[in-house]
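Work through the exercises below with the sequence and the model side by side, and try each task before reading its solution.

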Amino acid sequence: MKFETILRGIFSVTYQEADFVKRTHSALNKFGFTADNAIGCVDVCRDEISQSFFSHVRDAWGEAFNLSSLAGMFFAGRTALIAAMHHAPDADGKERYVFYAFPHIALGAEGQVGVCMRKGRGGESSACGALNAFQKEMAEKRVTLAMDNEDVEQSLLRMRLLQEIPYGHVPDLLELTRTAQKVIQRDLENTLKPIINTAQCDYAVITGIQIHGPEGNYIWPASCYAVIGGMKQEITLQ
């Protein structure tokens with residue numbers, strides 16, 4: 001009960017993960033997206049507890065193109081998007097893409113932010129581990145911006161998120177996760193818009209935060225919309 005109370009207090013609306021994907025699938029059906037004519041593209045953290053999202057997308061849309069990086073940061077870039085855009089069905093002369101992009105965070109059974117349990121391991125663990133590590137570096141004033149070639153994605157994560165954090169401010173893990181969500185959405189949109197041909201392609205962008213609870217995963221939706229014939233239309237999840 002404590003988890004549910006904290007969940008509702010932090011996130012205005014949440015859906016169980018499988019239900020969320022079903023709702024987006026149903027909403028997009030009304031815009032002409034089906035499993036036969038669209039491809040899902042998924043950007044979540046590399047963490048194994050995030051991978052269930054792929055299973056739900058696979059059930060709804062078929063196998064998805066993988067855009068994932070640590071913390072769900074959008075580092076796959078233009079080359080990955082262009083590759084994905086050569087993979088969608090085009091049977092009716094129109095290509096359709098469904099982009100799902102989320103950072104993640106855990107909430108423990110007592111509502112502890114960032115705390116989860118992992119199968120087969122004793123004691124508490126944390127999620128997102130990459131964001132948690134970066135947050136600790138900021139709190140301990142030991143952030144370095146040099147590229148570590150043996151830790152490329154974490155180096156990029158520091159460089160990108162620091163652009164969004166006021167100098168001297170140290171966000172807690174929840175605030176940092178919300179910042180990551182905004183950055184992921186903006187970077188995906190900014191990379192996508194110059195390269196997608198909206199005369200030929202319809203697409204949807206669905207972002208939010210993936211939340212790991214003691215009994216399963218949830219999604220807080222931040223932005224859900226489709227671009228149909230070049231016109232942006234909000235998606236209503238019912």
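**Exercise 1. Determine what share of the chain's contacts join residues at least 24 apart.**

Solution. Take a contact to mean heavy atoms within 4.5 Å, and keep those contacts between residues at least 6 apart in sequence; of these, 68% join residues at least 24 apart. The model is a predicted one, in which local features need pLDDT of at least 70 and side-chain atom pairs count only at pLDDT 80 or more, whereas totals for chains, interfaces and linings use all residues. Residues are numbered from 1 along each chain as its sequence is written, and side-chain values use heavy atoms, with hydrogens and water left out.

**Exercise 2. Compare the radius of gyration of the chain with that of a compact globule.**

Solution. The radius is taken over C-alpha atoms, and the globule rule is 2.2 Å times the number of residues to the power 0.38. For 238 residues the rule gives a value near 18 Å, and because the chain has 18 Å, the two agree. The C-alpha trace spans about 55 × 45 × 30 Å along its principal axes. As for burial, 51% of the 238 residues count as buried, where buried means under 20% relative accessible area, exposed over 50% and partly exposed in between, with a 1.4 Å probe and protein chains only.

**Exercise 3. Place Asp 43 in the fold and describe its surroundings.**

Solution. Begin with secondary structure, for which helices (H or I, at least four residues) and strands (E, at least two) are DSSP runs numbered from the N terminus. The chain has 7 helices and 10 strands, and Asp 43 is found in strand β2, which covers residues 38-43. Next, consider exposure: Asp 43 is buried, with a relative accessible area of 1%. Leaving aside residues up to four places away in sequence, Asp 43 touches ten listed residues, including Leu 67, Met 73, Phe 74, Tyr 100, Phe 102 and Ile 184. Finally, Asp 43 and Glu 17 are 26 residues apart in sequence, and their C-alpha atoms are 15 Å apart in space.

**Exercise 4. How many disulfides does a search of the whole structure find?**

Solution. A disulfide is defined as a pair of cysteine sulfur atoms within 2.5 Å, and the search finds 0 of them. Cys 45 is in no disulfide, since the nearest cysteine sulfur, that of Cys 128, is 4.2 Å away. Cys 128 is likewise in no disulfide, with the sulfur of Cys 45 as its nearest cysteine sulfur. Both residues are buried: Cys 45 has a relative accessible area of 4%, and Cys 128 one of 0%.
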